[in-house]
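Reader: Could you walk me through this one slowly? I'm in my first year and would like the terms explained as we go.

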Amino acid sequence: MNMALSRGLRCCQRVFSWIPVLIITAVVLWSYYAYVFELCLFTLSNSLEKVAYLLVFHVCFVMFSWTYWKSIFTPPATPCKKFQLSYSDKQRYEFEERPDAQKQILVEIAKKLPIFTRAQSGAIRFCDRCQVLKPDRCHHCSVCETCVLKMDHHCPWVNNCVGFSNYKFFLLFLSYSMLYCVFIAATVFQYFLKFWVGDLPNGPAKFHVLFLMFVALMFFVSLMFLFGYHCWLVAKNRSTLEAFSAPVFVSGPDRNGFNVGIRKNLQQVFGEERRLWFIPVFTSQGNGHYFPLKNRSSESRNPLLANEDMWDESDDGSEEGSLVEDQDPSVTIEMEE
């Protein structure tokens, strides 16, 4: 009975979680109808102006829709099997009754992995729900019910976790949303004034044009602040979670621990090919499990992290490319959700 009730509640939660996406979709579809039909086809009389408006509008609309789709339907990246407990390690861990011995098992596993961040207590981060040692910048999302690589936040407006796999798409979604709103407001403004002062006759187009102006400006202002905040985060190489709670390293908390300079910070998100920066295709650097550190001294002592390509994500269980740097066996494990 309780299990059936729990499943029913989860099902309802998943259904209701799509409501913000449906709201955005409905507003965008209405804006398409209002702009294309009520403004361009029914109000504009100049054919050249009409063609130019429709052409640019559809470019903005397609790019907005493409980036929104990618933000919604790109699955969150999760830790690979090297960060999961193997069958033998899991058996050892579960059958071991002594807490200290359990912690030591996890410490031994962590020695093989490129993990530099710690919990607030200084412990190695471990998710008991997913049974994984958390890579740097990885966090467990209670909504998605999984650990997400370089998790930024869970966004209800895309009904998805924004993280390593789709952060570029999310930033492009914000930028093309702003462009969409700016273009609509700029081209509608003169007709907004004509309807407002009565130079154009009353009709259905008047209602749509007036509301187009208000809605475009309202969304632009809210998006401008959000986009500006994320531009600042990218420049500092921080996630939203790291901006509120600084990542903890062996030496202590450091908000700039992953800040390697603006150019390299941008390349981590958008890649090295600038011609692809504004296209919603995945070009982010790395694999989401390891990120260069501001203080590279720890990397220089490690042959693996000095050459990231040596670290293989293969799931064959081999220890090649594992973290060989000795780790203090006294380090404890903190169980995190």
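Author: Let us begin with a term for how open a residue is: a residue is buried when its relative accessible area is under 20%, exposed when it is over 50%, and partly exposed in between, using a 1.4 Å probe and protein chains only. This is a predicted model, where local features need pLDDT of at least 70 and side-chain atom pairs count only at pLDDT 80 or more, while totals for chains, interfaces and linings use all residues. Residues are numbered from 1 along each chain as its sequence is written, and side-chain values use heavy atoms, with hydrogens and water left out.

Reader: ok, so is E108 buried or exposed?

Author: E108 falls between those two words, because its relative accessible area of 34% makes it partly exposed.

Reader: and which side chain does E108 meet in a salt bridge?

Author: A salt bridge here is a side-chain nitrogen of Lys or Arg within 4 Å of a carboxyl oxygen of Asp or Glu, and E108 forms one with R92, with N and O 3.9 Å apart. R92 belongs to helix α4 and E108 to helix α5 (residues 99–110), so this pair ties together parts that are 16 residues apart in sequence. Helices are DSSP runs of H or I with at least four residues, strands are runs of E with at least two, and both are numbered from the N terminus.

Reader: what else is R92 linked to in that network?

Author: The network of salt bridges joins R92 and E108 with D89. R92 and D89 come together at 3.1 Å, N to O, and they sit three residues apart in helix α4 (residues 87–95), about one turn of the helix. R92 counts as partly exposed because its relative accessibility is 40%, whereas D89, at 13%, counts as buried.

Reader: how many salt bridges are there in the whole structure?

Author: A search of the whole structure gives five. One of the others pairs R275 with E273 at 2.8 Å, N to O; R275 is exposed, with a relative accessible area of 65%, and E273 is partly exposed at 41%.

Reader: switching topic, what does buried D136 have if it has no salt bridge?

Author: D136 lies in the loop between β2 (132–133) and β3 (139–141), and its side chain makes a polar contact of 2.8 Å with the side chain of T117. A polar contact is a pair of N or O atoms within 3.5 Å; within protein, one must be able to donate a hydrogen and the other to accept it, and residues adjacent in sequence count only if both atoms are side-chain atoms.

Reader: and where is the nearest side chain of opposite charge?

Author: That is R125, which is 5.4 Å away from D136. For this purpose Lys and Arg count as positive and Asp and Glu as negative, while His and the chain ends are not counted.

Reader: new topic: which residues have the most contacts inside the largest nonpolar core?

Author: They are Y35, F57, Y167, I184 and V188, in a core of 51 residues. A nonpolar core is a set of buried Ala, Val, Leu, Ile, Met, Phe, Trp, Tyr and Cys residues joined through side-chain atoms within 4.5 Å. Helices α2 (19–41), α3 (47–73), α6 (167–197), α7 (204–236) and α9 (262–270) each supply at least two residues of this core, and α6 gives the most, with 17 residues.

Reader: last one, how many aromatic pairs are there?

Author: There are 25 of them in the whole structure, where rings of Phe, Tyr and Trp (its six-membered ring) pair if their centres lie within 6.5 Å, and planes under 30 degrees apart count as stacked, over 60 as edge-to-face and the rest as tilted. The rings of Y32 and F61, with centres 4.9 Å apart and planes at 50 degrees, are therefore a tilted pair. Since Y32 lies in helix α2 and F61 in helix α3, this pair ties together parts that are 29 residues apart in sequence. Ring pairs also link Y32 and F61 into a cluster with other residues, among them Y35, F57 and F183.
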